[in-house]
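User: I would like to go through the terms used for this model and see how each value meets its definition. Please show the sequence and structure to begin with.

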Amino acid sequence: MADFEEQLSDEEKVRIAANFIIHAPPGEFNEVFNDVRLLLNSDNLLREGAAQAFAQYNMDQFTPAKLDGSEDQVLITEHGDLGHGRFFDPRKKQSFKFDHLRKEASEPQSHEGEVALRPWRDACDEALRAYVKDHYPTGVCTVYGKTIDGQQTIIACIEGHQFQPKNFWNGRCRSEWKFTISQPTAQVVGVLKIQVHYYEDGNVQLVSHKDVQESLIISNEVQTAKEFVKIIENAENEYQTAITENYQTMSDTTFKALRRQLPVTRTKIDWNKILSYKIGKEMQNA
Amino acid sequence: VRVIVRVCACDCVRVIVCVPSLCEDLLSSVDQPLKIARDKVVGKDYLLCDYNRDGDSYRCSTEYRDLYFEGGVSSVYLWDLDHGFAGVILIKKAGDGSKKIKGCWDSIHVVEVQVRAGAPLPVQTGINNVNCFYLPNLGNMDMENKIRSTLNEIYFGKTKDIVNGLRSIESLPDNQKYRQLQRELSQVLTQRQIYID
């Protein structure tokens, strides 16, 4: 069975290892890392070749980070990536080093960010914080003000997770919302993601995402922030409701279409009846 | 679910190319989605699995399949053992893709029938199909019913609960107040119990 003519090159093996790591379910990075480490059988290869994968994973997942001495958390995202392993915390106007394996922040330094956008960023951050506290039991948010391709853009990121490996489940939701303040009416673009893994005596994952687009009138900082967060709240409520309703639909229709709980007759099959029918039929034909 | 199933097959290959010595162990312990093949001679679909790579194919009783699955493809492969016979019963049902939902149910039942020496053999009364005798025991497949119930209530129900634990549609403060009250109540009750002891 295992007659591969040539062994895979190191480069290819590392690529496969990195791929497994990037797709680790929320809260299971360490488990996947340890398994992959065994398969690859070379710590140097893993550390050097897959370093980018570790960083990519944390940025994709909106991993929350905390600096010593602060209860407040900041999200690790591509928008805050300053290069050389450092990330930006726009609320605290700081940059810090982030260890992607240990998930630890260190070496804080002051970092200004874009001053012109600060009033908009601050207003959105304040409004969003109140919203997140109101709807996410373990939520964290980070808001950036950045000029991208000449457009002054506000980017809001929200993350909430529950890891309970002792109960064989982990879950995380993330959302990212953007709009530019260059025009009187802006397009708000959002993407919502949910991933849940339940693996007690089995293995089930829910992986879902939704794209949203809404219009937003740009007035002053405070009013715009208020409207922005209202859009977010409505869309995220709608999404969560739809997922809950889908479970019911899935149970009533699709799942039933795959395999019924009971036959249409609503009684379990009587095998002895079928058997005697079969025997009877064959005796007739004999 | 479809994404996960598809990724799983590729992941198996990825692990195997990294560590070829794991190939046999992996393939025998990880179930891949059943593949459908077509018997052009008879004009019927059948299912592929590890057990029918060599050996005969045999169509199973369709009553069970049609009553529970209302369609689908099934195949049964049987082989002799020293004191009886064994078999695998495969069923594959794909959703019809209506209502923008896609799904697939695969069943793999492996059975072993032991005939003890001295036990009464089924009397041959001109019926060729000896397996009819064993059908009521094989056909029960209670396990499948249990798994289906578990999937519906526990697995799907649980993941829904987890989603609703990550985010609340209603404003939290009310819930938080309720939880605070719960905690206080349970504290009082625990204190009472210690006192009684």
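User: What share of the 286 residues of chain A counts as buried?

Analyst: In chain A, 44% of the 286 residues count as buried, where buried means under 20% relative accessible area, exposed over 50% and partly exposed in between (1.4 Å probe, protein chains only). This is a predicted model, in which local features need pLDDT of at least 70, side-chain atom pairs count only at pLDDT 80 or more, and totals for chains, interfaces and linings use all residues. Residues are numbered from 1 along each chain as its sequence is written, chains are lettered from A and ligands numbered from 1 in the order in which they are written, and side-chain values use heavy atoms, with hydrogens and water left out.

User: Why is Arg167(B) called buried?

Analyst: Its relative accessibility is 5%, and the limit is under 20%, so Arg167(B) counts as buried. Arg167(B) sits in the loop between helix H5 (142-166) and helix H6 (172-196) of chain B. Helices here are DSSP runs of H or I with at least four residues, and strands are runs of E with at least two, numbered from the N terminus.

User: Which residues does Arg167(B) touch, leaving out those up to four places away in sequence?

Analyst: The contacts of Arg167(B), meaning heavy atoms within 4.5 Å, include Tyr131(A), His135(A), Glu233(A) and Glu236(A). Tyr131(A) and His135(A) are also among the buried residues of H5(A).

User: Why is Lys230(A) called partly exposed?

Analyst: Lys230(A) has a relative accessible area of 43%, which falls between the 20% and 50% limits, so the label is partly exposed. Lys230(A) belongs to helix H6 (residues 221-258) of chain A.

User: What span is expected for helix H5 (residues 118-135) of chain A, and what span does it reach?

Analyst: The expected span is 1.5 Å times one less than the number of residues. For the 18 residues of H5 in chain A this comes to 26 Å, and the helix reaches 25 Å from its first C-alpha to its last, which is close.

User: How many salt bridges and how much buried area are there between domain 1 and domain 3 of chain A?

Analyst: The count is 0 salt bridges, a salt bridge being a side-chain nitrogen of Lys or Arg within 4 Å of a carboxyl oxygen of Asp or Glu. The two domains bury about 490 Å² between them, 59% of it on carbon and sulfur atoms; buried area is the accessible area (1.4 Å probe) that two parts lose on being put together, summed over both. The domain bounds, 10-59 for domain 1 and 115-258 for domain 3, come from an automatic or database domain assignment.
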